[in-house]
Amino acid sequence: MPESISDRKRSHLDLCETEPVEHAAKTTLLEEVDLVHDALPEISVDEVDVGTTLLGKRLRAPLLITGMTGGTAEASEINQALAQVAEEEGIAFGLGSQRAMQRSPELTYTFAVRQHAPTTLVLANLGVVQAAAQSTAAVAELVRAVGADAVCIHLNPAQELIQPGGDRDFRGGLAALTRLARELPFPVVAKETGCGISRRTGERLRAAGVRVADVSGAGGTSWVKVETLRADEAQRALGETFADWGIPTAAALLGLRGVGLELIASGGIRTGLDVAKAIALGAGVAGVALPVFRAYRDGGAAAAGRFIDGLVNGLRTAMVLTGARDLNALGRVPVVLGPRLREWVLAEGGA
């Protein structure tokens, strides 16, 4: 019997909780970014403003809990708890792929978080292959059904090519994004899923009318590795070959500077200093998933909230130590890049 989407989602959660699913040989390259220290910052910590605006909503900190799950009763509990954390922290929240609820409308409740997060910026989520096969009206209904403010169209060819029963035909994705960006009454966010977005892809997204992109670079969770753990012997060998595939998060951010996209930095963000570095490289907001999920598994919503608080405290500390009173100033602080990261910048046509 073919595996159901609910079974796959349950398997994904179990593997992310217990298995080594992060990139092994490839990092975010954020370790090759140094922010220049200011020994005389003339700033009080209380003066530091970490607030920002994303997709028309004000956030108390530049953070997004990125989409993880849906389609099971367990996923419903996780989504509701973490959406409430986002509400309490004043940050944004993303849903996992809603393909399951489209196939089985009775699963809509697993994505229903609005009553737990009435003022939160909530992002719906659908794969680009599925979006290409649907009308704009159908995608709009998906967003309305969960009361979301915008929709992430996720791009995940590497994951699909390893996933048992995954998509194999990726034609029509750019046309779908163009159509949805033009016709939907909600903003469209183009989101990778751990392999990064190149400058060339960013330019195509911008030309298609997309204004916001989540780079979701390599260095954090590798969905190729997750699917490899679920694959048969032949597919597992292919997955092991491509387990560290992708553009590191820092390289993706630098490659997209000047393209005209508002950038979300996810993929291996683990500390407040990572958040600060990402913003210094051009991101407006940073996204986290795996460490929030694992914190929640270890200690519930309170532990997830403490993890978010730790990110904010680390970000504030980095801002004081660079003399940045707000996020705009942080985006202008001088940065020092290591040799491997400079190689990526040159490969993408940068200076």
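Good morning. I begin with E203, which counts as partly exposed at 41% relative accessibility. Please bear in mind throughout that this is a predicted model. The side chain of E203 meets that of R199 in a salt bridge, with a distance of 3.5 Å from N to O. R199 is also partly exposed, its relative accessible area being 23%. Because E203 and R199 are 4 residues apart in helix 8, about one helical turn separates them.

A search of the whole structure finds 10 salt bridges, and I shall discuss two others. In helix 15, which covers residues 339–347, E343 and R340 lie 3 residues apart, about one turn of the helix. Their side chains form a salt bridge at 2.9 Å, N to O. E343 is partly exposed at 45% relative accessible area, and R340 counts as partly exposed at 41%.

The other example is K57 with D149, where the closest N and O atoms are 3.5 Å apart. What does this pair tie together? K57 belongs to strand 3 and D149 to the loop between helix 5 and strand 7, so the salt bridge links parts that are 92 residues apart in sequence. K57 is partly exposed at 23%, and D149 is partly exposed at 24%.

The loop that holds D149 leads us to strand 7, residues 150–155. Is this strand largely enclosed or largely open? Of its 6 residues, 6 are buried, so strand 7 is largely enclosed by the rest of the structure. In a regular strand, side chains alternate between the two faces of the sheet. Here, A150, C152 and H154 are buried on one side, and V151, I153 and L155 are buried on the other.

Which strands pair with strand 7? Strand 6, residues 122–127, pairs with strand 7 in the parallel sense over 5 bridges. Strand 8, residues 188–192, also runs parallel to strand 7 and is joined to it by 5 bridges. V151 stands opposite A124, and V151 also stands opposite V188 in strand 8.

I turn now to pockets and cavities. The largest pocket has a volume of about 470 Å³. Of the 22 residues lining this pocket, L155, P157, E192, T201 and R204 are the closest to its centre. Helix 4, helix 7 and helix 8 are the elements that give two or more residues to the lining. By class, the lining of the largest pocket divides into 13 nonpolar, 7 polar and 2 charged residues.

The structure also holds 3 cavities of 30 Å³ or more. The second largest cavity has a volume of about 50 Å³. Its lining includes H23, A158, C195, W223 and W245. Helix 6 and helix 9 each supply at least two residues of that lining. The lining of the second largest cavity comprises 5 nonpolar and 6 polar residues, with no charged residues.

Helix 9, residues 223–230, also contains R230. R230 is buried, with a relative accessible area of 16%. Its side chain makes a polar contact of 2.5 Å with the side chain of E227.

I close with G71, in the loop between strand 4 and helix 2. Buried or exposed? G71 counts as buried, at 1% relative accessibility. From C-alpha to C-alpha, G71 lies 23 Å from I91 in space, and the two are 20 residues apart in sequence.

Key
Residues numbered from 1 in each chain as written. Predicted model: local features only at pLDDT ≥ 70, side-chain atom pairs only at ≥ 80, totals over all residues. Heavy atoms only, no water. Buried < 20%, exposed > 50% of the residue type's maximum accessible area, 1.4 Å probe, protein only. Pairing = 2+ DSSP bridges. Polar contact = N/O pair within 3.5 Å; in protein donor to acceptor, adjacent residues only side chain to side chain. 1 Å grid on protein atoms, 1.4 Å probe; cavity = no way out; pocket = protein on both sides within 12 Å on 5 of 7 lines; lining within 4 Å. Points joined across faces, edges and corners; volume = space filled by probe spheres on them. Nonpolar A, V, L, I, M, F, W, Y, C, P; charged D, E, K, R; others polar. Salt bridge = Lys/Arg side-chain N within 4 Å of Asp/Glu carboxyl O.
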